Amino acid sequence: MALASVLALAACAGAVDARNASPPASGDGVLRLGLLLDSTGESQYLNDAQRAAVVLAVQQANAAGGFGGKPVEMLPPETGSDMEAAARHLIAAGADAVIGPTDSGHARTAIDVLSLAKVPLISPANTAASLSTYRSGGYYFRTAAPEGAEGAALVELARRAGAKSIAILHQAGDHGKAEADGASAAARAVGLKETGSTEFTGHAAGAAAGGAKVADAVVLIAQTEGQAILAGVRDAGVPGSRLLLSSGLLGRYGPALANRALEGAKAVVPGVFPDSEFQSAVLEHAPGLTDMTFAAEAYDAASLAILSAGAAKDDGGPSIASKLVSVSGGSVQGNGSVQGNGQREKCTGLPACLASQAKGTSVDYDGQSGPIAFDSHGDVTTARFMVFGFGADNLPTRNDEVTVTQ
């Protein structure tokens, strides 16, 4: 029987959601963290930042005394395209919680394997909206926001600019639809009139943009063929000053586009730019690192796993999963009880939260990526985005931040 089918049968048999359970202790006294790094080839640069951030969290935990007086262990990272084999290797090595994977397309396989072994998986990078309801038995969490939040962030930029109407153009596909749906819901919530919204295939956004010219702001969502898409929209008569671009369209276009084509356009990118102290700490574990993408989210994922084990006083996977919502500052209702209620002390960063925990205080962790507050799906409920503005040279500069709540 296929692994996914086995998991489905287990869930249908009435398995308790691990996020809201009260499991008995099942650990062996040594907290071990695993790391799934599935980026290869041109995207391999994403690995180093995540690895260094998890190493940093483990180092900080051990400087504070480790878990139960024993060092927290980081297992050798698993990297590759065979996600099932990688997850099984971590289980065999004794992983109590796993950080990763990067690619949303590989997440389901990792969830299937790890959930059956009752090992929580916390991804710092998965954004696919469908993962919110993927059956995991409560063992899946992510510190990156689902796609719909990015659409909401673009609408918030339109609202800030005083727009009264908005057009949402999205590239065909699950990603584009999820982000467009998030934008549409956000527009309704803030009273923006939606007009001229449509889907386009490939780079054929020019024709789709014709009906969007009357809108005060045009949200443009795509993952591929950015240069051709933006050229087509420009030719359709939409000026850069009305364009709000998804992260897949952020690029240094320069002279590849017509002069001033993007002047005044804005784009969002998930996450926040790490502060200098955090960057320096990460660089100690990855000298020469030039890209911090997902570093903050990976650090937060590892920190939450460590704090959850501390809150449970047990390193077993079910115990960690049962405390992740609480230590993140979230709440979830189900199975006749609510996790996350009661007095919790807000703290920022792992060392501060470990110090509070050592005093017997229940913590509400805010991390490098911002507040987490997991919901009943294991999703963050506050999402932060960097904002980039384009100049006359069609080049972007980071100049703002936007935060949306789910």
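This is a chat about a predicted model of one protein chain.

Student: How confident is the predictor in the protein chain, going by average pLDDT?
Tutor: This is a predicted model, and the chain averages a pLDDT of 91, with 93% of the residues scoring at least 70.

Student: And where does pLDDT stay under 50?
Tutor: Residues 4-14 are one such stretch, and residues 334-341 are another.

Student: How many contacts beyond four places in sequence does the model have for those?
Tutor: For residues 4-14 there are 12, and for residues 334-341 there are 21. Where pLDDT is low, though, the predicted coordinates shouldn't be read in detail.

Student: OK, switching to backbone oddities. Which residues does the cis peptide bond join?
Tutor: G100 and P101, with omega at about -10°. P101 sits in the loop that runs between strand 4 (97-99) and helix 4 (104-116).

Student: What about K118, what's its phi?
Tutor: K118 has a positive phi of about 60°, and it's not a glycine. You'll find K118 in the loop between helix 4 and strand 5 (121-123).

Student: How much of K118 is accessible there?
Tutor: Its relative accessible area is 48%, so K118 counts as partly exposed.

Student: And R260, what does its phi look like?
Tutor: Positive as well, at about 65°, and R260 isn't a glycine either. R260 belongs to the loop linking strand 11 (243-245) with strand 12 (266-270). At 42% relative accessibility, R260 is partly exposed.

Student: Let's go to helix 11. Is that one mostly covered or mostly open?
Tutor: Mostly covered: helix 11 spans residues 317-327, and 10 of its 11 residues are buried.

Student: Which ones are buried?
Tutor: In helix 11 they are G317, P318, S319, I320, A321, S322, L324, V325, S326 and V327.

Student: What does the backbone do just after helix 11?
Tutor: G329 comes there, with a positive phi of about 90°.

Student: Disulfides next. How many are there?
Tutor: The count is one. C347 and C353 form it, and their sulfur atoms are 2.0 Å apart.

Student: Which hand does the link of C347 and C353 have?
Tutor: It's right-handed, with 110° about the S-S bond.

Student: Are those two cysteines buried or exposed?
Tutor: C347 is buried, at 5% relative accessibility. C353 is buried too, with a relative accessible area of 0%. The cut-off for buried is under 20%, so both values qualify.

Student: Last topic, empty space inside. How many cavities of 30 Å³ or more turn up?
Tutor: One. The space in that largest cavity is about 140 Å³.

Student: How do you even spot empty space like that?
Tutor: You roll a probe the size of a water molecule over the atoms, and that shows where empty space is left.

Student: What lines the largest cavity?
Tutor: The lining has 18 residues, and those nearest the centre are T143, A144, A145, G271 and E297.

Student: Which strand gives the most to that lining?
Tutor: Strand 18, with four residues. Strand 17 (370-371) and strand 18 (382-390) each supply at least two.

Student: And how does the lining divide by residue type?
Tutor: The residues lining the largest cavity split into 10 nonpolar, six polar and two charged.

Conventions. Residues are numbered from 1 along each chain as its sequence is written. This is a predicted model: local features need pLDDT of at least 70, side-chain atom pairs count only at pLDDT 80 or more; totals for chains, interfaces and linings use all residues. Side-chain values use heavy atoms; hydrogens and water are left out. Buried means under 20% relative accessible area, exposed over 50%, partly exposed in between (1.4 Å probe, protein chains only). On a 1 Å grid over the protein atoms alone, a cavity is a set of points where a 1.4 Å probe fits but cannot get out, and a pocket is an open set with protein on both sides within 12 Å along at least five of seven lines; lining residues have an atom within 4 Å of a point. Grid points are joined across faces, edges and corners, and a volume is the space filled by probe spheres set on the points. Ala, Val, Leu, Ile, Met, Phe, Trp, Tyr, Cys and Pro count as nonpolar, Asp, Glu, Lys and Arg as charged, and the others, Gly among them, as polar. A disulfide is a pair of cysteine sulfur atoms within 2.5 Å. pLDDT is the predictor's confidence in each residue, from 0 to 100. Contact means heavy atoms within 4.5 Å.
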